[in-house]
Amino acid sequence: MKPFLVTLAVLLLFFQVTAVGSIEKCWNFRGSCRDECLKNEKVYVFCMSGKLCCLKPKDQPHLPQRTKN
């Protein structure tokens with residue numbers, strides 16, 4: 001029974017590592033590269049693969065507003 005549990009634990013760990021490794025990250029690992037952003041995300045830059053770098057509003061940089069002179 002013990003070898004079965006060890007094998008099961010190793011397989012579960014392996015599948016978690018491969019699933020996390022397949023996601024391309026962007027913007028200091030705060031964004032995710034996707035073909036389309038989710039409803040609550042916004043595009044800030046493009047990824048190296050050409051996909052959109054989708055960021056949640058809390059992770060977007062605050063750009064200074066232009067003032068009229």
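Asn-28 is exposed, with a relative accessible area of 62%. This residue is found in the loop between strand 1 and strand 2. The structure is a predicted model. The points below cover that loop, a residue after strand 4, and a nonpolar surface patch.

**The loop between strands 1 and 2**

- Strand 1 covers residues 25–26 and strand 2 covers residues 31–34, and Trp-27 lies in the loop between them.
- Trp-27 counts as partly exposed because its relative accessibility is 28%, which falls between the limits of 20% for buried and 50% for exposed.
- Most residues other than glycine have a negative phi.
- Trp-27 has a positive phi, near 50°.
- Asn-28 also has a positive phi, near 55°.

**Asp-59**

- Asp-59 is found in the segment after strand 4, which spans residues 52–55.
- Asp-59 is buried and yet has no salt bridge.
- The nearest side chain of opposite charge to Asp-59 belongs to Lys-58, 4.1 Å away; a salt bridge requires a distance within 4 Å, so this pair does not count as one.
- With neighbours within four places in sequence left aside, Asp-59 is in contact with Trp-27 and Arg-30.

**The nonpolar patch**

- Met-1, Phe-4, Leu-5 and Leu-8 form a nonpolar patch on the surface.
- Together these four residues have about 460 Å² of accessible area.
- Leu-8, one of the patch residues, lies in helix 1, which runs over residues 2–21.
- Leu-8 is partly exposed, with a relative accessible area of 38%; patch members need over 30%, so Leu-8 meets that cut-off.

Conventions. Residues numbered from 1 in each chain as written. Predicted model: local features only at pLDDT ≥ 70, side-chain atom pairs only at ≥ 80, totals over all residues. Heavy atoms only, no water. Patch = residues over 30% accessible without salt bridge, like charges linked within 9 Å, V, L, I, M, F, W, Y side chains within 5 Å. Areas by Shrake-Rupley, 256 points an atom, 1.4 Å probe, with all protein chains shown as cover. Helix = DSSP H or I, 4+ residues; strand = E, 2+ residues; numbered from the N terminus. Buried < 20%, exposed > 50% of the residue type's maximum accessible area, 1.4 Å probe, protein only. Lys, Arg positive; Asp, Glu negative; His and termini not counted. Contact = heavy atoms within 4.5 Å.
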